[in-house]
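Work through the exercises below with the model open. Try each task before reading its solution.

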Amino acid sequence: MNYYDLLQQQVKTHPDKLFFVVDHAEYTYAAFQKLADELADDMTGIRPGDDVLLLADTPSLQLAAFLALQHLGARPILAHKDMGAELDDVQRENDLQGLVQVTETENADAPTVSFTPTNLPQQPHAERDILGVLSSGSTGTPKVMYRTYDSWAGFFPTQDEIFSVGEDTVMFLHGSLSFTGNTNSLLSVLYEGGTVVTSRHMRSHRWAKLLHQYDVNCIYLIPTKLVLLAEALHGVDTFPGVCTLFTGSQLLTPPMITDIMELLPNAQLILYYGASELNYITYAIVDSPYRPPENLGHPFPGVSISIQDGLIYVDTQYHVSGAKIPFSVGDTGSINEKGELIFGGRTGAFVNRGGVKLNLLKLETELQSLPGIREAVALRIKDETRGEGVEVFVVKEADIPEADVRMTIRHGLPNAEMPDKITFVDEMPLNDCGKIDKEKLQ
């Protein structure tokens, strides 16, 4: 069983139901299978069992080519568009059989499909893997991690009940499907027979039009994009028809929560904690802007967490192939008396500044709670005297002078947490996954 097989099942049940919308291009379930089949016909040279890196121009071509490769018995691995020269390294170091590129043409119905083989031999898989996902690659070439069908689909009934995803769902999401949060969310809607709406463009006002036009009732966006949507529409528009919003990958600050609640007055806001190597781990219902942002809630049903030497360990049957359970992604934390997970940050998100250990996540949260600051990122820098220092990048409110924000930071932070350098930017650069691109900031 794979996700092309799942698409076929949905086509038999409701072929003419709207499945996928990209801006104003609409695909029914049957039309999307036709697009996937046409791409599969053009993928000459692909063999069953090939592990293939996939690069495509648009969301519809990403998804259709992903399904086409599964139809051919290959294992697709969605690549980030901004990988560039890393593409060759990823293929070589992960023993992949080649790269499929699907390029948009002036004739939208006839994209260009090319396959460049590596001539590397197929590697045996111990599990019944059907797809691969990329690690973050923050410390070298991204590693391919493989998944079976059941490692995601087996958990869909649990996550979909909590996120209120069903046959009537019309979900809006945004960004590359190489971000596993997007892929998982989209496939969960396919599993239920619902509808997904997205946009190729990074324009909040365009998103708003789609939300209204297609009566979106469920949103999955990471916090950086929620902030963009809320800021663009502040005091102008709301979406009372949205019943559920789920988000993760970053903590939610009180100003973020306030803006989201105003934008989505009838939505249940769910903050989740998860990892590419695992599935969803914990979740919290956010009902107040003043909740502790580091509180990530209780484990999902069937998932258990423990703390060993300050690190979070997760016991779940839903994970990438070969993961040793219980598994830790290197995050620190604790469990309170209610059984809720209190996030402490990544092990690498601490700076030793002259013998004083600073938590960069805590610093970012404190900065974003100060008046006049929309977004803040804290990064480690070299310091000749103390070994390590901290530089913070700040997006300020438009009508507040930089000098006033500097003064607010000086008065609002303890002396021990004062950054060594403050840099103002107009906006945070985002990578292909929609997360803040810290390499570009550096």
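The exercises that follow concern a predicted model.

**Exercise 1. Backbone outliers**

Task: Asp-23 and Asp-95 each have a positive phi; where do they lie, and is each buried, partly exposed or exposed?

Solution:
- Step 1. Start with Asp-23. Its phi is about 55 degrees, although the residue is not a glycine.
- Step 2. Place Asp-23 in the fold. The residue sits in the loop between strand E1 (18–22) and strand E2 (25–28).
- Step 3. Check its accessibility. The relative value is 8%, and the cut-off for buried is under 20%. Asp-23 therefore counts as buried.
- Step 4. Turn to Asp-95. Here too phi is positive, about 55 degrees, in a residue that is not a glycine.
- Step 5. Asp-95 belongs to the loop between helix H4 (86–93) and strand E5 (98–103).
- Step 6. Its relative accessible area is 32%, so Asp-95 is partly exposed.

**Exercise 2. A cis peptide**

Task: Which residues does the cis peptide bond join, and in which loop does Pro-326 lie?

Solution:
- Step 1. Look for omega of about 0 degrees. The bond between Ile-325 and Pro-326 has this value and is cis.
- Step 2. Locate the proline. Pro-326 is in the loop between strand E17 (311–315) and strand E18 (331–335).

**Exercise 3. Two crossing helices**

Task: How are helix H6 and helix H7 oriented, and which residues make their contact?

Solution:
- Step 1. Take H6 (residues 156–163) and H7 (residues 180–192). Their axes come within 10 Å and cross at roughly 95 degrees.
- Step 2. Classify the angle. The range 65 to 115 degrees counts as roughly perpendicular, so H6 is roughly perpendicular to H7.
- Step 3. List the contact. H6 supplies Phe-156, Pro-157, Gln-159 and Asp-160, while H7 supplies Asn-184, Leu-187, Ser-188, Tyr-191 and Glu-192.
- Step 4. Sort by class. The contact of H6 with H7 has four nonpolar, three polar and two charged residues.

**Exercise 4. An enclosed helix**

Task: How many of the 11 residues of helix H9 are buried, and which are they?

Solution:
- Step 1. Count along H9 (residues 223–233). Eight of the 11 are buried, so the helix is largely enclosed by the rest of the structure.
- Step 2. Name them: Pro-223, Thr-224, Lys-225, Leu-226, Val-227, Leu-229, Ala-230 and Leu-233.
- Step 3. Read on past the helix end. Just after H9, Gly-235 has a positive phi of about 75 degrees.

**Exercise 5. A glutamine and its surroundings**

Task: Is Gln-70 buried or exposed, and what is it in contact with beyond four places in sequence?

Solution:
- Step 1. Find Gln-70 in helix H3 (residues 59–71).
- Step 2. Its relative accessible area is 2%, so Gln-70 is buried.
- Step 3. Leave aside neighbours within four places in sequence. Gln-70 then contacts Asn-2, Tyr-3, Tyr-4, Pro-76, Ile-130 and Leu-131.

Terms used:
Residues numbered from 1 in each chain as written. Predicted model: local features only at pLDDT ≥ 70, side-chain atom pairs only at ≥ 80, totals over all residues. Heavy atoms only, no water. Helix = DSSP H or I, 4+ residues; strand = E, 2+ residues; numbered from the N terminus. Buried < 20%, exposed > 50% of the residue type's maximum accessible area, 1.4 Å probe, protein only. Axes fitted to C-alpha atoms, helices over the stretch in contact; angles between N-to-C directions. Parallel < 35°, antiparallel > 145°, perpendicular 65-115°, else oblique. Contact = heavy atoms within 4.5 Å. Nonpolar A, V, L, I, M, F, W, Y, C, P; charged D, E, K, R; others polar.
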